[in-house]
Amino acid sequence: MWKYIKPYLLFGILAGLFMVGEVSMDLIQPGIMSQIVDDGVLGLHNNGVGDLTLIWKLGIGMIGLVLLGGLSGAFNNAFVHLTGQNIGNDMRKDCFRNVMGFSFPQIDEYGTGTLVTRVTNDITQVQNFVSQFVRGMIRTIMLTFGSMYCIFKLNRDFGLITVCAFPFIAGCLVFCLHKANPLFSRLQAQLDAINEIMQEDISGIRTIKACVRETYEKLRFGRANDGLIQTQLKVLVIFAFMNPVVNAMMYLVVAAILLIGSFEAGSGRATPGNIMAAVTYTTQLLNGVLMLTMLFQNISRGYASWKRVKEILDSKPELKDGSFCGETEKKGEIEFRDVSFSYPHSGKMVLEHVNFTVHQGEKVAVLGATGCGKSSLVNLIPRFYDVVEGTVLVDGVDVREYKQKDLREKVAVVLQKSELFSTSIGGNIAWGKPDAAPKEVKAAAIIAQADDFIRQKNEGKGQSGPEGGYETIVAERGMSLSGGQKQRLSIARAVLKPAEILILDDSTSALDLKTESDFYKALEEFGAKSTKIIIAQRIASVRGADRILVMENGRILEEGSHEELLKSCKVYQEIYRSQIGKEDEKIA
Ligand SMILES: Nc1ncnc2c1ncn2[C@@H]1O[C@H](COP(=O)(O)OP(=O)(O)OP(=O)(O)O)[C@@H](O)[C@H]1O
């Protein structure tokens, strides 16, 4: 925490000093009022003759103090918010940077709902906690102990009455905080759950509507929301119970001061001004204690949130970066040496003893039943996950030895699920090469068979020239595009990236056979030097490959060309037979 406070310590100190000014004004005023009553009005030290000049003088002085107090309060507020918001901003940036550095297993382990809550709501709670701490702590401590000191100074008996009430008030405070503390952690966890459902339901709204599951989802959301409300209510009830108890105690103190004051006024040990000032101080004390309650409530909630934020800030990326910068003699060579792999916390081996080599410029296809481990296999090349056994080498170097950034610059991947961002079509294509010239972007789009539909996007949109389509903004997560269009933009993005290895993970599944075939032809001409790994379900998509790896249950069953496999591999023959007569063959 200190790391975040340190740069804004000066703002914090200034806020504290202005707060001291504000509270001092509050503490001085009852004393002046006592003097106005005793000397100005009753003339207790002047044989019962009042002093109008003194009343004027002290009255004007009081107005000055109020203005000064108000000014100090305004400055205090400004510096408090500067401190809190800057600390919150820095924390948010660091948290986001850490999340960006997380490995896939770490993201899977946290879940997106909790990550979003921690980076947004939890940091806001911490920000409030800092602001409350800087503003509230000094104010309450000064107001509570300053009022107590002033009461003692006025009259020792009044002071003793106030001190006696303190253990009860403190006991009440501790009891409530003890009850409320666990609820704050629960509140944040329930917010996580709500965020999780919201994200899942908003991104999956089409499926929900198609399956007519709106009522079910509304109920699910309602249950999560009710849980949150119930916890919030419990917190409210605890603190609602506390306020009247503290109030009642303080009014008992006021009553006791008035009672004892009336006896002491008779014997001359207390003056009416003293009694009035003591009652005002007691009210200030009450305000101080009530503020302390609020403060502890915010501190408890802020602390619960801080623990959750700290978890993110302290999490180190699980994949340790290597030191190798990526300069190799070989270019685009991949080797799997006895590789076995399982997903963290799953225990089940997804790949077992996989061995193969792909040379520069080779086009290798991976074929196999769904769930046999094809995507898992290619995910190991850019090191999205680490192997459990064996080694994956790129250009003769273990992928764990590379700096991740340098390794990933060698590899362009089109994932199974197209991911697009809310920027222009051109911006999406140039995502991996932001400095690409417009003609490079267009060339990549032409190879990916995307240029035609992009140019049509221009129609009626009022952008200048036929190339205006590249400026069309893509809706969130590519909602404004068809599945095939999204795939083609993802392919164009990978083609544009100057990488040695191009991996296409079932990324042409939404393309019609003619477009798919045109794309592979264009890719042949353009990227002859790059190594290509193509995962596909259709024989038509893979038969042109130099080599096909046939996978079954996490193992490589056989490898060879289309013709070789047709002769020797039973699984390949079965797939081939199942697809014969289908459109694939006509195109092929
Ligand atoms: N993140 C993950 N955590 C745990 N298990 C996973 C994860 N991703 C995939 N699996 C499991 O690993 C196995 C292999 O999955 P993979 O995605 O590699 O198969 P695939 O051959 O690419 O399938 P498809 O052709 O359907 O895309 C499957 O049993 C799957 O359930």
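His353 counts as partly exposed because 13 or more, but fewer than 20, C-beta neighbours put a residue in that class, and His353 has 15 of them inside 10 Å. This residue sits in strand S2, which covers residues 349-358. Its phi is positive, at about 45 degrees, although His353 is not a glycine. That is worth a second look, since most residues other than glycine have a negative phi.

Please keep in mind as you browse that this is a predicted model. The mean pLDDT of the protein is 86, and 96% of its residues reach 70 or more. Residues 583-588 fall below a pLDDT of 50, yet this stretch still has 15 contacts in the model beyond near neighbours in sequence. The scores for the model are ipTM 0.97 and pTM 0.70.

**The N-terminal helices**

Another positive phi turns up at Asn47, near 50 degrees, again in a residue other than glycine. Asn47 belongs to the loop between helix H2 (9-41) and helix H3 (52-101). Is Asn47 buried or exposed? With 6 C-beta neighbours inside 10 Å, Asn47 counts as exposed. Gly43, which follows H2, also has a positive phi, near 55 degrees.

The helices on either side of that loop can be checked against the expected rise. H2 has 33 residues and reaches 47 Å from its first C-alpha to its last, close to the 48 Å expected at 1.5 Å a residue. H3 has 50 residues, so at 1.5 Å a residue its span should be 74 Å, and the 73 Å between its end C-alpha atoms agrees with this. Here are these two helices beside H15, which is discussed further on.

| Helix | Residues in helix | Expected span | Span between end C-alpha atoms |
|---|---|---|---|
| H2 | 33 residues | 48 Å | 47 Å |
| H3 | 50 residues | 74 Å | 73 Å |
| H15 | 14 residues | 20 Å | 20 Å |

Which residues of H3 are buried? They are Asn76, Phe79, Val80, Thr83, Gly84, Ile87, Gly88, Met91 and Cys95. The elements covering them include helix H1 (2-5), H2, helix H5 (112-154) and helix H9 (272-314).

**Annotated regions**

An unreviewed UniProt entry gives the annotation "domain: ABC transmembrane type-1" to residues 13-301. In the model this span is 92% helix and 0% strand, and its end C-alpha atoms lie 24 Å apart. The unreviewed entry also lists residues 54-75, 158-177, 235-263 and 275-296 under "transmembrane region". Residues 54-75 are 100% helix and 0% strand, with end C-alpha atoms 31 Å apart. Residues 275-296 are likewise 100% helix and 0% strand, and 31 Å separates their end C-alpha atoms.

Phe168 lies in helix H6, residues 156-203. Phe168 counts as partly exposed, because 13 C-beta neighbours fall inside 10 Å. Gln230 is 62 residues from Phe168 along the chain, and their C-alpha atoms are separated by 29 Å.

**Tyr402 and its contacts**

Tyr402 is found in the loop between strand S5 (397-398) and helix H11 (404-410). Why does Tyr402 count as buried? Because 24 other C-beta atoms lie within 10 Å, and the cut-off for a buried residue is 20 or more. Leaving aside neighbours within four places in sequence, Tyr402 is in contact with Gly322, Phe324, Gly326, Val397 and Leu407. Of these, Gly322 is 80 residues from Tyr402 in sequence but 4.7 Å away in space, C-alpha to C-alpha.

**Around the ligand**

How many residues surround the ligand? There are 14, and the closest are Tyr343, Thr370, Lys374, Ser375 and Ser376. Helix H10 (residues 374-379) gives the most to this shell, with three residues. By class, the shell has three nonpolar, eight polar and three charged residues.

**Helix H15**

H15 runs over residues 483-496, and the span of its 14 residues agrees with the expected 20 Å. This helix is mostly covered, with 12 of its 14 residues buried. Among the buried residues are Leu489, Ile491, Ala492, Val495 and Leu496, and also Lys486, Arg488 and Arg493. What covers the buried residues of H15? The covering elements include the strands S6 (411-414) and S7 (501-505). Also included are the helices H12 (425-429), H13 (438-447), H14 (451-456) and H16 (513-526).

Methods
Residues are numbered from 1 along each chain as its sequence is written. This is a predicted model: local features need pLDDT of at least 70, side-chain atom pairs count only at pLDDT 80 or more; totals for chains, interfaces and linings use all residues. Helices (H or I, at least four residues) and strands (E, at least two) are DSSP runs, numbered from the N terminus. The expected span of a helix is 1.5 Å times one less than its number of residues. Two residues are in contact if their C-beta atoms, placed from the backbone, lie within 7 Å. A residue is near a molecule or strand if its C-beta atom, placed from the backbone, lies within 6 Å of it. Ala, Val, Leu, Ile, Met, Phe, Trp, Tyr, Cys and Pro count as nonpolar, Asp, Glu, Lys and Arg as charged, and the others, Gly among them, as polar. UniProt positions are given in the numbering used here, feature names are shortened, and annotations may be inferred rather than shown by experiment. pLDDT is the predictor's confidence in each residue, from 0 to 100.
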